[in-house]
Amino acid sequence: MMISAGHTQVGDRYRPARALALATTVCVLLCACSGDRKDKPASQVVAKVNKEEISVHQLNYSMQRQPAPNPAQAASAGRRALERLIDEEVVLQKAAESRMDRDPVVLQAIDAARRDIVFRAYLNKLSEQSGKPGEAAVEQYFDANPALFSERRIYSFQEISIDALPEQIELLKERLKAAKSVAEFADYLRANEFKFVSSQTVRAAEQLPLASLSQIARLKDGEFFFAATPTGGRVVAVVDSQSQPVTQEKARPVIEKFLLSELRRKRAEEEVKALRGNAKIEYVGEFSQAAASSPLSPAVALARNAPASAALDIDKGLKGFK
């Protein structure tokens, strides 16, 4: 697994192409740097900027952080990456002359980046030790989520987002319940000068938030429901829907990827919790009183700082069924 400041992970299916592209790039650039002398061994240096050298390892790392080029574009992609490294080097040298690299703000940013990279690298290494989900776990998840798979539907929605005060929410719910249609409810909103926006969308089940999917799956065509929002409320009506189930065989890769992500997340949470439990942690100053009354959960801290999952986020919608 490759770690970068931007936390780039390369999937297994891309590694052969990336390896070939990198090998081609390195060969081309090393040959260019060695000139016409056939007896001269290939150098690990691909460029020199004043007295500083740029190595093939730096170039490889820079290439790994970019989308993998096809073999035909590898040389030009490698050349562009090298030029970017040269640009960085000339600026870094000039910044060092002015001692900008010793600026307290810059040093703090460097330290923060180092901490983040090491943090993510450790948890990524730990996540590699997580076992893969078994067939029984895949079957259980498939059976537990019929709205995503065996009873999957494509929905045509009409949505109305309403600006309203908290004390108006119950009234809106009652008016919606009494309305024969969403159009009738919209007429009520206009007549009473509520600000609202109406829109129509088409979404598959996997494109809906998992927390709302079970409620939406129970709706028949023409039915609707009301949900409170921070600025008022939202009405969601199922105008039409089409059944498009997904077999377990077709869903298996997506489920396995999601379950593997969950295993790795839980492993990371458990590790952080154990490390915190074994550490002597003392809150000082203004944080001591707040920490005693409401300590920050390790899971909360991990969710904020842990590596982004390589698997698909179920709340943002499972992709890849088509």
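Here is a walk through this predicted model, from its sheet to the helices and the cores.

Let's start with the sheet. Four strands make it up, lined up in the order E4-E3-E6-E5, and the pairing is antiparallel. The sheet is open, with strand E4 (195–204) and strand E5 (224–229) as its edges, each pairing on one side only. If you compare neighbouring strands, they are turned by 20° against each other on average, direction ignored.

Now zoom in on the pair E3 and E6. Strand E3 covers residues 153–163 and strand E6 covers residues 232–243; the two run antiparallel and are joined by 11 bridges. To find one spot where they meet, look for aspartate 163, whose bridge partner in E6 is glycine 232.

Two helices lie across strands of this sheet. Helix H6 (residues 169–178) lies across E3, E5 and E6, and its direction makes an angle of about 170° with E5. Helix H8 (residues 210–217) also lies across E3, E5 and E6, running at about 105° to E3.

Let's stay with H6 for a moment. Which of its residues are buried? Ile169, Leu172 and Leu176 are. Looking down the axis of H6, you'd see the buried residues fall within an arc of 60°, so they line one face of the helix. That buried set packs against E3, H7, E5 and E6. Turn to the other side of H6 and you meet Glu170, Lys177 and Ala178, which are exposed.

Next up are the aromatic rings, which form 6 pairs in this model. Take tyrosine 141 and phenylalanine 258: their ring centres are 5.4 Å apart and the planes sit at 45°, a tilted pair. Tyrosine 141 belongs to helix H5 (residues 135–144) and phenylalanine 258 to helix H9 (residues 248–278), so this pair ties together parts that are 117 residues apart in sequence. Are these two residues buried or exposed? Tyrosine 141 has a relative accessible area of 13%, so it counts as buried. Phenylalanine 258 is buried too, at 10% relative accessibility.

Another pair brings together phenylalanine 185 and tyrosine 188, with ring centres 6.4 Å apart and planes at 25°, so this one is stacked. Both residues sit in helix H7 (residues 182–191), 3 residues apart, which is about one turn of the helix. Phenylalanine 185 and tyrosine 188 are both buried.

Back to tyrosine 141, since its ring has further company: ring pairs link Tyr141, Phe142, Phe149 and Phe258 into a cluster.

That leads us to the largest nonpolar core, which has 21 residues. Which of them touch the most other members? They are Tyr141, Phe149, Tyr155, Phe157, Ile216 and Ile255. The elements giving two or more residues to this core are H5, E3, H8, E6 and H9, and H9 provides the largest share, 4 residues.

Isoleucine 255 is a good place to look around. Setting aside its neighbours within four places in sequence, isoleucine 255 is in contact with Val138, Tyr141, Phe142 and Phe149. Apart from this core lies another one, made of 16 residues, including Val182, Ala186, Leu189 and Phe194.

Terms used:
Residues are numbered from 1 along each chain as its sequence is written. This is a predicted model: local features need pLDDT of at least 70, side-chain atom pairs count only at pLDDT 80 or more; totals for chains, interfaces and linings use all residues. Side-chain values use heavy atoms; hydrogens and water are left out. Two strands pair if DSSP finds at least two bridges between them. Axes are lines fitted to C-alpha atoms, for helices over the stretch in contact, and angles run from 0 to 180 degrees between N-to-C directions. Contact means heavy atoms within 4.5 Å. Rings of Phe, Tyr and Trp (its six-membered ring) pair if their centres lie within 6.5 Å; planes under 30 degrees apart count as stacked, over 60 as edge-to-face and the rest as tilted. Buried means under 20% relative accessible area, exposed over 50%, partly exposed in between (1.4 Å probe, protein chains only). A nonpolar core is a set of buried Ala, Val, Leu, Ile, Met, Phe, Trp, Tyr and Cys residues joined through side-chain atoms within 4.5 Å. The arc is that of the directions from the helix axis to the C-beta atoms.
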